[in-house]
Amino acid sequence: MTTPPDRSAKFSPGLLRSARLLKALGPDAAGVWSALRRDEAETLSAVIDQLPDDASDADAAADRLLSHAPPQTDVSASVWQRLSRLAPADIVSLLSDEHPQLFSMVLSRIAPRAAADTVRYLPPGDALDVLRGMVRLETPGADILATVEMHLGAKLDQLPAEPAKGDAALSEIFDELGGDQGEVLLQALEQSDPALGARIRGQMFTFDDIAGLSPAGLQTLLARTDRSALICALTGESGPVSKALFANMTSRASDLLKDEMEAASPVSRDRILAARQSLARLARELIRRGEITSKPDIDDELIA
């Protein structure tokens with residue numbers, strides 16, 4: 001069978017990487033798309049339309065586009081591979097004090113899935129800045145690239161040498177599993193080792209736990225959440241989480257959101273679960289950074 005021609009080869013590496021990221025993000029990129037200028041959205045849409053459907057073909061096309069860059073040494077390859085293995089939250093934290101253009105450069109060179117997951121962690125405005133930076137990105141010279149790799153390598157060397165172990169790491173795994181699959185496995189763990197299962201469940205933070213955040217924490221979470229993702233996450237949810245979130249909005253904001261939810265198109269259960277997991281992931285990251293607390297604060301009330 002004849003392989004279809006690669007029509008994406010005519011685009012610049014930065015533009016191609018941005019388009020691949022948006023395609024990988026899917027519905028999670030709704031906030032970014034809405035903030036793009038019309039010409040930017042049209043250009044990226046045109047690139048996405050010409051990307052190979054198969055992810056491996058897309059990776060190969062990107063590799064061909066980047067083949068004109070200086071070959072990576074073992075040291076430089078190690079830097080990008082080490083960055084690709086980091087959790088998205090750690091990548092964001094590592095680059096939080098860096099120039100946005102360096103952030104764009106990093107996302108253009110790490111593994112595509114790691115880059116896409118990192119963008120999901122960013123607020124829509126920051127994600128938009130990073131993607132715009134990737135579109136404008138040009139291949140750096142060998143001396144600049146070497147300097148950047150040394151700088152990033154030094155920062156990576158300051159991170160803990162070993163990943164987190166024990167109950168905390170296991171609870172994070174169950175947090176990420178979420179949904180029915182995670183609950184079935186956790187119940188099996190509780191049956192085989194009740195003490196360990198109880199400890200893990202006690203350390204987990206799931207979508208349902210959002211209802212237990214402080215009012216200030218809920219307001220921070222709402223401010224950092226993409227509106228379309230929030231609507232998806234709350235679809236069909238009438239329990240403590242939706243009640244807590246609506247209670248921490250002004251009446252006008254609450255009514256507007258409910259109107260948008262009623263007018264929204266039907267979504268699949270998988271998309272709803274993915275949106276809820278994404279919201280819980282954002283809450284966990286904000287807790288880890290100390291931006292919100294997982295316990296309600298005394299006398300912490302919404303000021304309308």
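1. S242 and its surroundings. Leaving aside neighbours within four places in sequence, S242 is in contact with L234 and E237. This is a predicted model. S242 sits in helix α16, residues 240–247. Its relative accessibility is 4%. The cut-off for buried is under 20%, so S242 counts as buried. A211 is 31 residues away along the chain, yet the C-alpha atoms of S242 and A211 are separated by 7.8 Å.

2. Overall make-up. The chain has 18 helices and zero strands. It runs to 304 residues, of which buried residues make up 41%. Take the contacts with a separation of 6 or more: residues 24 or more positions apart account for 80% of them.

3. The largest nonpolar core. This core has 42 residues. Those with the most contacts inside it are W80, L83, V106, L107, I110 and L152. The elements giving two or more residues to it are α1 (13–25), α3 (38–49), α5 (74–85), α6 (88–94), α7 (100–109), α8 (112–121), α9 (124–136) and α10 (142–157). Apart from this core lies another, of 26 residues. L230, F246, L279 and L282 are among its members. In soluble globular proteins, nonpolar side chains tend to be buried together.

4. L107 in detail. Which residues does L107 touch, not counting those up to four places away in sequence? They are A115, T118, V119, V130 and M134. L107 is also one of the residues with the most contacts inside the largest core.

5. α7 against α10. Their axes come within 12 Å and cross at roughly 90°. Angles of 65 to 115 degrees count as roughly perpendicular, and α7 and α10 are therefore roughly perpendicular to each other. On the α7 side, the residues are L102, M105, V106 and R109. They meet L145, V148, H151 and L152 in α10. By class, this contact has six nonpolar, one polar and one charged residues. V106 and L152 appear again among the residues with the most contacts inside the largest core.

6. α15 against α17. Here α15 packs with helix α17 (residues 251–263) at an angle of about 70°, with the axes 10 Å apart. The two helices are therefore roughly perpendicular to each other. R227, L230, I231 and L234 in α15 meet A253, L256, L257, E260 and M261 in α17. The contact has seven nonpolar, no polar and two charged residues. L234 is also a contact of S242.

7. α15 against α18. Helix α15 (residues 227–234) has a further partner in helix α18 (residues 269–288). Their axes come within 8 Å and cross at roughly 115°. The crossing is left-handed. A229, L230, C232 and A233 in α15 meet R271, I272, A275, R276 and L279 in α18. By class, the contact has seven nonpolar, no polar and two charged residues. L230 and L279 also belong to the core of 26 residues.

8. R85. Is R85 buried or exposed? R85 is exposed, with a relative accessible area of 64%; the cut-off for exposed is over 50%. R85 lies in helix α5, one of the elements that give two or more residues to the largest core. R85 and A111 are 26 residues apart in sequence. In space they are 8.6 Å apart, C-alpha to C-alpha.

Methods: Residues numbered from 1 in each chain as written. Heavy atoms only, no water. Core = buried A, V, L, I, M, F, W, Y, C linked by side-chain atoms within 4.5 Å. Buried < 20%, exposed > 50% of the residue type's maximum accessible area, 1.4 Å probe, protein only. Helix = DSSP H or I, 4+ residues; strand = E, 2+ residues; numbered from the N terminus. Contact = heavy atoms within 4.5 Å. Axes fitted to C-alpha atoms, helices over the stretch in contact; angles between N-to-C directions. Left-handed = near helix turned anticlockwise from the far one by under 90°. Nonpolar A, V, L, I, M, F, W, Y, C, P; charged D, E, K, R; others polar. Parallel < 35°, antiparallel > 145°, perpendicular 65-115°, else oblique.
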